[in-house]
Amino acid sequence: MANNVREFRPKPPETEKITVNLGYVDLGHVDLMVQEGFYSNRTDFIRTAIRNQLERHADVVKQSTARKSLDLGLRNYSREDLEAAQRAGEMLHINVLGLASISQDVTPELARATIASVSVLGALHASPAVKAALSDRTR
């Protein structure tokens, strides 16, 4: 029975890995907070600190998102979406705060024919060929 199970749509990762360089004293303070049980590990501390800062500036982020006409969250562009835009003679302007995903079955030619610009604050998931095809249109 397990041989008949297929994943129709692969689930995108929910996180993006980043690197943070800290001075030794700051790192020591983080480790002390972990050791004292305030946080389970360094990652927990860093995530909490980031969330607190985002919450502190939530009004500014909300205003900027509206002003820049950004789609917030996860936005997927399928081959069907791009083909529909092509049939309608439209060019898409991708403006996303979060994760923008262009389906793996989208060809570089279709992407260039239908996507005028790409601006992503967060992460862009697309095939290397599509990313290369849109490199001159990506901010």
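So, helix 2: how far apart should its ends be? Helix 2 has 15 residues, and at 1.5 Å a residue they should span 21 Å. The end C-alpha atoms are 21 Å apart, so that agrees. Keep in mind, this is a predicted model we're looking at.

Helix 2 covers residues 42-56. Right at its start, have a look at N41: a side-chain oxygen there comes to within 3.1 Å of the backbone nitrogen of T43.

Now I50, which also sits in helix 2. Buried or exposed, or something in between? I50 has a relative accessible area of 40%, so we call it partly exposed. I50 also belongs to a nonpolar patch on the surface, together with I18, V20, L22 and L54. Between them, those five residues show about 450 Å² of accessible area.

On to the aromatics. How many aromatic pairs turn up if you search the whole structure? Just one. That's Y39 with F45: the ring centres are 5.0 Å apart and the planes sit at 85°, so the pair is edge-to-face. The angle does the deciding here, because anything over 60 degrees goes down as edge-to-face. As for F45, its relative accessibility is 22%, so F45 counts as partly exposed. The cut-off for buried is under 20%.

Last stop, S101, over in strand 2, which is residues 92-102. S101 comes in at 16% relative accessibility, so this one does count as buried. And what does the S101 side chain make a polar contact with? The side chain of N76, at 3.3 Å.

Note on methods:
Residues are numbered from 1 along each chain as its sequence is written. This is a predicted model: local features need pLDDT of at least 70, side-chain atom pairs count only at pLDDT 80 or more; totals for chains, interfaces and linings use all residues. Side-chain values use heavy atoms; hydrogens and water are left out. Patches are made of residues with over 30% relative accessible area and no salt bridge: like charges are joined within 9 Å, nonpolar side chains (Val, Leu, Ile, Met, Phe, Trp, Tyr) within 5 Å. Accessible areas come from the Shrake-Rupley method with a 1.4 Å probe; for residues, only the protein chains shown count as cover. A salt bridge is a side-chain nitrogen of Lys or Arg within 4 Å of a carboxyl oxygen of Asp or Glu. Helices (H or I, at least four residues) and strands (E, at least two) are DSSP runs, numbered from the N terminus. Buried means under 20% relative accessible area, exposed over 50%, partly exposed in between (1.4 Å probe, protein chains only). The expected span of a helix is 1.5 Å times one less than its number of residues. A polar contact is a pair of N or O atoms within 3.5 Å; within protein, one must be able to donate a hydrogen and the other to accept it, and residues adjacent in sequence count only if both atoms are side-chain atoms. Rings of Phe, Tyr and Trp (its six-membered ring) pair if their centres lie within 6.5 Å; planes under 30 degrees apart count as stacked, over 60 as edge-to-face and the rest as tilted.
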